[in-house]
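Dear colleague,

I am passing on the structure below, together with notes on what came out of looking through it. Please read the notes with the coordinates open beside them.

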Amino acid sequence: MAAQKRTLPPGEQFFTPGATGLRKKVEQRSATPMAYLFTQVPRWIVPVVMVALLLAGFAVQSWLGGLAVLPVIAFVGLLAYLSWPSLTAGGKLLRVAMVTFLLLVAATRFGLISF
């Protein structure tokens, strides 16, 4: 039995209206991988992989833990960047706090800072 392909949800535009420069380039270059990731890959894959990498980053106290957190930082940072124009001040603050926390976790694992 073949898996059903999901379609993009109806509603808001996929790109930021009137975007120029870096935002336009990032949106265009990330559109195909993101559309594939969210429509062709089973829904449970991305959260499971991200949680596994994050847990590995918490559990492993060496540079390998920091290495495990880097893809999570990249993914969360990209999603924060892409959603930034449509966020309220509270949403922006939450995303900045999340990326900052993940960067601190990685920095402690790489031995750049210690608490």
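Which residues in H2 meet which residues in H3? Bear in mind, before the answer, that this is a predicted model.

On the H2 side, the residues in contact are Val46, Met50, Leu53, Leu54, Ala56 and Gly57, and they meet Gly65, Ala68, Val69, Pro71, Val72 and Phe75 on the H3 side. Sorted by class, this contact of H2 with H3 comprises ten nonpolar and two polar residues, with no charged residues.

As for the geometry, two packed helices are described by the angle between their axes together with the distance between those axes. Here helix H2 covers residues 45-59 and helix H3 covers residues 63-83, and their axes come within 7 Å of each other while crossing at roughly 140°. Because of that angle, H2 counts as oblique to H3, since roughly antiparallel would require an angle over 145 degrees. The crossing of H2 and H3 is, in addition, left-handed.

Turning to the protein as a whole, it contains four helices and zero strands, so that reading along the sequence gives the pattern α-α-α-α. Among the contacts in the protein with a separation of 6 or more, 64% are between residues that lie 24 or more positions apart. The protein has 115 residues, of which 24% count as buried, and its accessible surface comes to about 8200 Å², with 70% of that surface belonging to carbon and sulfur atoms.

With best regards

Terms used. Residues numbered from 1 in each chain as written. Predicted model: local features only at pLDDT ≥ 70, side-chain atom pairs only at ≥ 80, totals over all residues. Heavy atoms only, no water. Axes fitted to C-alpha atoms, helices over the stretch in contact; angles between N-to-C directions. Helix = DSSP H or I, 4+ residues; strand = E, 2+ residues; numbered from the N terminus. Parallel < 35°, antiparallel > 145°, perpendicular 65-115°, else oblique. Left-handed = near helix turned anticlockwise from the far one by under 90°. Contact = heavy atoms within 4.5 Å. Nonpolar A, V, L, I, M, F, W, Y, C, P; charged D, E, K, R; others polar. Buried < 20%, exposed > 50% of the residue type's maximum accessible area, 1.4 Å probe, protein only. Areas by Shrake-Rupley, 256 points an atom, 1.4 Å probe, with all protein chains shown as cover.
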